[in-house]
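Me: Please take a close look at the charged side-chain pairs of this model, and say where each partner sits in the chain and how far it is open to solvent. Then follow the chain from there into its surroundings.

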Amino acid sequence: MEHRKVDDVQLYINGAFTEAIGSEHFDNYNPFTNEITNKVAKGDKADIEKAVQAADHAFYHGPWGPPGPGPGMKQKERMAYIEKVADLIADEAEEIAVLESLDTGLPISQTRKMTARAAENFRFYSRMVQSRMHGDAYQVDDEFINYTVYQPLGAVGLITPWNAPFMLTTWKVAPALAAGNTVILKAAELSPLSANRLADIIDRAGLPDGVFNVIHGYGETAGDALVKSEKVKAISFTGETVTGKTIIKNAADSLKKTSMELGGKSPLIVFDDADFERALDAAVWGIFSFNGERCTANSRVFLHTNIKDKFIEALRQRVEKVKLGDPMDPATQLGPLIDKGHYNKVSGYIDLAKKEGCEVVQGTVPPEVKAGNFVPPTLFLNATNDMRVSQEEIFGPIMSVIEFETEEEVIEMANGTEYGLAGYVWTNDIKRGHRVAQAVDSGMLWVNAQNVRDLRIPFGGMKGSGIGREGGHFAIMEFYTEPKAIHVSIGDHRIPEFGK
């Protein structure tokens, strides 16, 4: 299949593509060939300051947010821009999907679906703002009317991950812009291509200068400057837990809002009365799709004693049949990991699993793709919940398979990690399904279903998996806006006299 170089990537600040102030670049690699794809402008603190200044000015003095310090924009006009962005994404979905596969190693069959969802993110939040972003009103004794309005925050910083970057970026950008904020996006340095395609689309959609800005660079420099900027009113971050903790600490000095969607070690629990084939399909899809590089992956699979042997045998057969190959091939199911560093990290956990006493079962990497960062689909059998490979987020196509006997035992093990993002329960006992769903520590849980999410539902985790929720009105009314209470006198109530 075709693998090609693409244009070098610039920053996008105040309505223009530009080089970094320091004129530095870093290389972007194709994970399938490990060859350089293009060069990327390396933004730093000065570039962040320039972008923040542009976003702050666009909010307070430009025609984007609600009328106030600046001229403001009618909601209907702003939503027309949001819909235009959605139209352009839909029109260019195939090219975006190709860029995404080239940049990340994700199979093209999967990036095509994600690009379609990215367009829907913008349409969804256009509708959400117009139908749901409203406050309450209360009349008190014919003397006061008290009501609430939801106002945008100002300039917000979005820090996005390298896995499925286009879709995950639009999850943040769409509600932030629809609510009336301006945006500084710090794109993931390992997958910069689709962020610049989004900047190009937003530019062609005609959004005012400074409303949307993209900085490429490293987290410890560009990301740190964005978090610490006093003019940035909120930070939404998706990534690993250690970085999330650092961001929260650094954001505290300016008391900005933070939303953290962090790591996961999500359990998939299969009871002996479950629909065997559907549970098997869900377990395989949930860990091996998206190259296993997903926060909600079911990286721990708990099997009831009565079905363990049968289920493991079926998993062995499935592992051998997963098709590894060129991400651009529609038949490919599992592509290469994002870069050589991550490949080495994931491979290290395979060595650790053997030391911890697991039987390691793997599929086969075809010899013709050896140049890529391929880790085959992998099972850690005979695993126990206290092993490091069952506790630490690996972020690859690897599952620990753990046996259990009782409901109480599996709930304790499912909750026995620092994480609490997602969970999956398979049982035909509806009462047990509800009990376990409510007992497992997770922000999201699916019963007899794979990871399919309605955009109206809150997305996020508990414990080490994050703070806050995004999605639906939770993004619009609980994070990207601020509620304001307004009190209006309509009567002749007497004000207490002081100093007369």
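Reply:
**Charged pairs and their surroundings**

Arginine 123 counts as partly exposed because its relative accessibility is 22% (buried means under 20% relative accessible area, exposed over 50%, partly exposed in between, with a 1.4 Å probe and protein chains only). The model is predicted, so local features need pLDDT of at least 70 and side-chain atom pairs count only at pLDDT 80 or more, while totals for chains, interfaces and linings use all residues. Residues are numbered from 1 along each chain as its sequence is written, and side-chain values use heavy atoms, with hydrogens and water left out.

The partner of arginine 123 is aspartate 87, and the closest N and O atoms of this salt bridge are 2.8 Å apart (a side-chain nitrogen of Lys or Arg within 4 Å of a carboxyl oxygen of Asp or Glu). The two residues are 36 places apart and link distant parts of the chain: aspartate 87 belongs to helix H2 (residues 75-91), arginine 123 to helix H4 (residues 108-132) (helices, H or I of at least four residues, and strands, E of at least two, are DSSP runs numbered from the N terminus). Aspartate 87 is also partly exposed, at 32%.

The structure holds 21 salt bridges. Another of them joins glutamate 24 to lysine 42, with 3.9 Å between the closest N and O atoms. Here both ends are in loops: glutamate 24 between strands S2 (16-18) and S3 (25-29), lysine 42 between strand S4 (36-41) and helix H1 (45-61), 18 residues apart. Glutamate 24 is partly exposed at 43%, and lysine 42 is partly exposed at 23%.

A further salt bridge pairs lysine 463 with aspartate 441 at 3.5 Å, N to O. Lysine 463 is in the loop between S18 and S19, and aspartate 441, 22 residues away, is in the loop between H14 and S18. Lysine 463 has a relative accessibility of 37% and therefore counts as partly exposed; aspartate 441, at 29%, is partly exposed too. Elsewhere, Glu92, Arg197, Asp200 and Arg204 are joined into one network by salt bridges that share partners.

The loop between strands S18 (444-447) and S19 (466-467) also carries arginine 456. Arginine 456 is exposed, its relative accessible area being 53%. Its side chain makes a polar contact of 2.7 Å with the side chain of aspartate 454 (N or O atoms within 3.5 Å, one able to donate a hydrogen and the other to accept it within protein; residues adjacent in sequence count only if both atoms are side-chain atoms). Setting aside neighbours within four places in sequence, arginine 456 is in contact with Phe124, Gly472 and Phe474 (heavy atoms within 4.5 Å). Its C-alpha atom is 9.7 Å from that of tyrosine 125, 331 residues away along the chain.

Helix H14 (residues 430-439) contains arginine 432, which counts as buried at 15% relative accessibility. With the same four-place exclusion, the contacts of arginine 432 are Phe271, Asp272, Asp273, Glu407 and Thr427.

Away from the charges, the largest nonpolar core has 96 residues, of which Ile89, Phe212 and Phe311 touch the most other members (buried Ala, Val, Leu, Ile, Met, Phe, Trp, Tyr and Cys residues joined through side-chain atoms within 4.5 Å). Helix H5 (residues 165-178) supplies the largest share of this core, nine residues. A second, separate core of 26 residues includes Ala353, Ile402, Phe404 and Val425.
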